[in-house]
Amino acid sequence: MKFADIRLYAIALCGLVNAGLVLSVSIVAAAEIKSLDLADDRVEISISGNIAAGDAELLRTRIKAATDTGKLVTSVRLNSEGGSLLEGARLADLVRSTKVSTKVGQNATCASACFLIFAAGETKYAYVHARIGVHGASENGTESRKATKAMARIAEELEVPESIIRRMVNTPPS
């Protein structure tokens with residue numbers, strides 16, 4: 001399978017959502033996505049908080065704004081306990097297609113749907129005290145095997161090692 005299949009999985013996830021499944025914990029608000037200017041006309045974009053619908057479009061807007069001013073987006077810094085699996089897949093697709101690095105900083109967390117974004121990075125950096133977590137998907141607090149299988153297929157496309165995918169599938173959402 002090719003990476004382009006992630007879009008197909010995202011569409012399948014969208015079908016699950018339209019069928020009434022909630023693929024994540026309750027979301028209070030969307031993630032905070034902001035650009036950080038670095039030296040030499042480089043930009044790092046940070047994503048922090050709950051991943052929710054619209055975040056991929058906001059990331060796309062931030063990347064376009066940086067490149068329109070002649071700056072190079074080099075990385076995406078992550079600090080999120082997850083959120084919408086569908087939006088996480090969309091964000092992963094965008095990160096992969098723009099070929100930026102992903103980072104989980106000192107004392108930061110990247111878990112659940114955030115992990116897919118991390119795995120999509122061209123180069124991945126996790127600092128010493130970073131926390132990265134994987135687990136199965138849930139529907140209103142109950143495990144959703146269909147969504148977990150879709151998440152595992154996306155992870156496989158992102159070349160996540162089988163041992164981590166196995167942990168994802170076998171770890172309950174709680």
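**Exercise 1. The loop between β1 and β2**

Work out where D41 lies and what sign its phi has in this predicted model.

*Solution.* Start with the location: D41 lies in the loop that links β1 and β2. Next, look at the backbone: phi of D41 is positive, about 55°, even though D41 is not a glycine. Now step back to D40, which is found in that loop too, between β1 (32-37) and β2 (42-48). Its phi is near 60°, again a positive value in a residue other than glycine. Finally, check the surface: D40 has a relative accessible area of 69%. Exposed means over 50%, so D40 is exposed.

**Exercise 2. Helix α2 against helix α3**

Find how the axes of α2 and α3 are arranged, and list the residues that make the contact.

*Solution.* For a helix pair you need two numbers, the angle between the axes and the distance between them. Here the axes of α2 (residues 55-68) and α3 (residues 85-98) come within 8 Å and cross at roughly 25°. Angles under 35 degrees count as roughly parallel, so α2 is roughly parallel to α3. On the α2 side, the contact is made by D55, A56, E57, L59, R60 and I63. The α3 side brings E87, R90, L91, L94, V95 and T98. Sort this contact by class and you get six nonpolar, one polar and five charged residues.

**Exercise 3. Zooming in on L59**

Is L59 buried or exposed, and which residues does L59 touch beyond four places away in sequence?

*Solution.* First, place the residue: L59 is found in helix α2. Its relative accessible area is 0%. Since buried means under 20%, L59 is buried. Then go through the neighbours: leaving out residues up to four places away in sequence, L59 touches I33, I45, I47, L91, L94 and V95. L91, L94 and V95 also turn up on the α3 side of the contact between α2 and α3. As a last distance check, take L59 and V76: they are 17 residues apart along the chain, and their C-alpha atoms are separated by 9.5 Å.

**Exercise 4. Helix α5 against helix α6**

Give the direction and handedness of the crossing of α5 and α6, then break their contact down by class.

*Solution.* The axes of α5 (residues 145-157) and α6 (residues 162-170) come within 10 Å, and the crossing angle is roughly 165°. Over 145 degrees counts as roughly antiparallel, so that is how α5 and α6 run relative to each other. The crossing is right-handed. As for who meets whom, R145, T148, M151, A152, A155 and E156 in α5 meet I165, M168 and V169 in α6. That contact divides into six nonpolar, one polar and two charged residues.

**Exercise 5. T123 and its surroundings**

Locate T123, then say which residues T123 touches beyond four places away in sequence.

*Solution.* T123 is found in the loop between α4 (113-119) and β6 (124-126). With a relative accessible area of 34%, T123 is partly exposed. Skipping residues up to four places away in sequence, T123 touches V100, S101 and T102. K103 makes a handy distance check: T123 and K103 are 20 residues apart in sequence and 8.5 Å apart in space, C-alpha to C-alpha.

**Exercise 6. The whole chain**

How many helices and strands does the protein chain have, and what percentage of its residues count as buried?

*Solution.* Count the elements: six helices and nine strands. Then burial: of the 174 residues, 46% count as buried. The accessible surface comes to about 8,800 Å², and 51% of that belongs to carbon and sulfur atoms. Finally, among contacts between residues at least 6 apart in sequence, 66% join residues at least 24 apart.

Note on methods. Residues numbered from 1 in each chain as written. Predicted model: local features only at pLDDT ≥ 70, side-chain atom pairs only at ≥ 80, totals over all residues. Heavy atoms only, no water. Helix = DSSP H or I, 4+ residues; strand = E, 2+ residues; numbered from the N terminus. Buried < 20%, exposed > 50% of the residue type's maximum accessible area, 1.4 Å probe, protein only. Contact = heavy atoms within 4.5 Å. Areas by Shrake-Rupley, 256 points an atom, 1.4 Å probe, with all protein chains shown as cover. Axes fitted to C-alpha atoms, helices over the stretch in contact; angles between N-to-C directions. Parallel < 35°, antiparallel > 145°, perpendicular 65-115°, else oblique. Left-handed = near helix turned anticlockwise from the far one by under 90°. Nonpolar A, V, L, I, M, F, W, Y, C, P; charged D, E, K, R; others polar.
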